[in-house]
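Here are some exercises to work through with the model open beside you. Try each one before reading its solution.

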Amino acid sequence: MEGFPESLRDKVRTAGTAEAASLLGVSPVRFTGLARVGCVSPVAFYLNRYRAVVWLYLVEELTGFAAREPGLLTGKTPAGMRAVLEGGRDLRARNWRARRTDRLLSRAADPWVRAAVQAAALDPVQLAEVVDDPYERAYLIRMRPAAGFGRPCSVSGKEAMEQLMLADDPDEILWCRVNLVMELDRARESRAAPRPGHAGRPYGAAAVPAGRPVAPPRPPDGAGGLGADPSAGPNRRWHPRLRPRLLTRILRSRSRDHDR
């Protein structure tokens, strides 16, 4: 690679709020507003000595945003953005979770590991509502990725970091539940979750008569897939338990986030 290792350092260089604001030539308050509405997304975080969350951003992405949207760096804040900020909206944690999930899924081939990645964003109550089998829940918890918080911290600090791992917006929670249902279907088709006395045959294999192929579920009329979500790949399909009203809510939510 030309310029290695300096070129690699430039790609992974991060900046906190103060440094990022300085790089873009704006005040820290304005930069925080841009981050809260999702114009720039954090790639990492840590807790400072006061247990406050310090978000970190890729410098390469910051300079790219400045080149694409110079109008957002000067003048009055657009009315739509101002309304979002006045309403208390803050997408930094949600965007960080989305980036982390995408990164983990890109490295995961095992279907149960992929399902565990989706399950990691749900609290125990939400997870139990989606996965009613206790053996499957235990397996997902065992397979979920490590938090990877970095340097050791206090018990209260660790609890605060673990809380940031969980989806906290109703639309985000709904989307995580939908993705978990689909990943769980694929995991069950590959093998059953381990349980006492179970040989590990594919989920539901004993219930399928030999020689009778089972057709995959068909999507609802007019629905071609989860195209409204950038994480939805070409093999995504509608799950038969997802009601049309629920799907409409998801797509409208994604459309609102995109418009912002």
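The exercises below deal with a predicted model.

**Exercise 1.** Work out how H2 is oriented relative to H3, and which residues make the contact.

Solution. Start with the axes: those of H2 and H3 come within 9 Å and cross at roughly 100°. An angle of 65 to 115 degrees counts as roughly perpendicular, so H2 is roughly perpendicular to H3. Next, pick out the residues. H2 brings Thr-17, Ala-20, Ala-21 and Leu-24, while H3 brings Pro-28, Phe-31 and Thr-32. Sorted by class, that gives five nonpolar residues, two polar ones and no charged ones.

**Exercise 2.** Find the buried residues of H3 and say what covers them.

Solution. First list the buried positions: Arg-30, Phe-31, Gly-33, Leu-34 and Ala-35. Then look at what lies over them; the cover includes H2, E3, H4, H5 and H6. Finally, step just past the end of H3, where Gly-38 takes a positive phi of about 95°.

**Exercise 3.** Describe the largest nonpolar core and name the elements that give it two or more residues.

Solution. The core has 26 residues, and those with the most contacts inside it are Leu-24, Phe-31, Val-40, Trp-55, Tyr-57, Leu-62 and Phe-65. Helices H2, H3, H4, H5, H6 and H10 each give two or more residues, as do strands E2 and E3. Now zoom in on Phe-65: leaving out residues up to four places away in sequence, Phe-65 touches Leu-24, Leu-34, Cys-39, Val-40, Leu-72 and Leu-73. There's also a second, separate core of 19 residues, which includes Trp-112, Ala-121, Tyr-139 and Ile-173.

**Exercise 4.** Are H6 and H7 roughly parallel or roughly antiparallel?

Solution. Get the geometry first: H6 and H7 pack at an angle of about 175°, with axes 9 Å apart. Angles over 145 degrees count as roughly antiparallel, and therefore that's the label for this pair. On the H6 side the contact uses Thr-101, Leu-104 and Leu-105, and on the H7 side Arg-114, Val-117 and Gln-118. That set splits into three nonpolar, two polar and one charged.

**Exercise 5.** Classify Glu-136 and Asp-169 as buried or exposed, and find the side chains with which they make polar contacts.

Solution. Take Glu-136, which sits in helix H9. Its relative accessible area is 1%; buried means under 20%, so Glu-136 is buried. Its side chain makes a polar contact with the side chain of Arg-188, at 2.7 Å. While you're there, check Ala-193: it is 57 residues from Glu-136 in sequence, yet their C-alpha atoms are 5.4 Å apart.

Now move to Asp-169, in the loop between H10 and H11. At 16% relative accessible area, Asp-169 is buried too. Its side chain makes polar contacts with two arginine side chains: Arg-89 at 3.1 Å and Arg-94 at 3.2 Å.

**Exercise 6.** What is unusual about the phi of Arg-51, and is this residue buried or exposed?

Solution. Begin with the background: most residues other than glycine have a negative phi. Arg-51 isn't a glycine, but has a positive phi of about 65°. Then place Arg-51 in the fold: it's in the loop between E2 and E3. Last, check the accessibility. With 53% relative accessible area, Arg-51 is exposed, because the cut-off for exposed is over 50%.

Key: Residues numbered from 1 in each chain as written. Predicted model: local features only at pLDDT ≥ 70, side-chain atom pairs only at ≥ 80, totals over all residues. Heavy atoms only, no water. Helix = DSSP H or I, 4+ residues; strand = E, 2+ residues; numbered from the N terminus. Buried < 20%, exposed > 50% of the residue type's maximum accessible area, 1.4 Å probe, protein only. Polar contact = N/O pair within 3.5 Å; in protein donor to acceptor, adjacent residues only side chain to side chain. Core = buried A, V, L, I, M, F, W, Y, C linked by side-chain atoms within 4.5 Å. Contact = heavy atoms within 4.5 Å. Axes fitted to C-alpha atoms, helices over the stretch in contact; angles between N-to-C directions. Parallel < 35°, antiparallel > 145°, perpendicular 65-115°, else oblique. Nonpolar A, V, L, I, M, F, W, Y, C, P; charged D, E, K, R; others polar.
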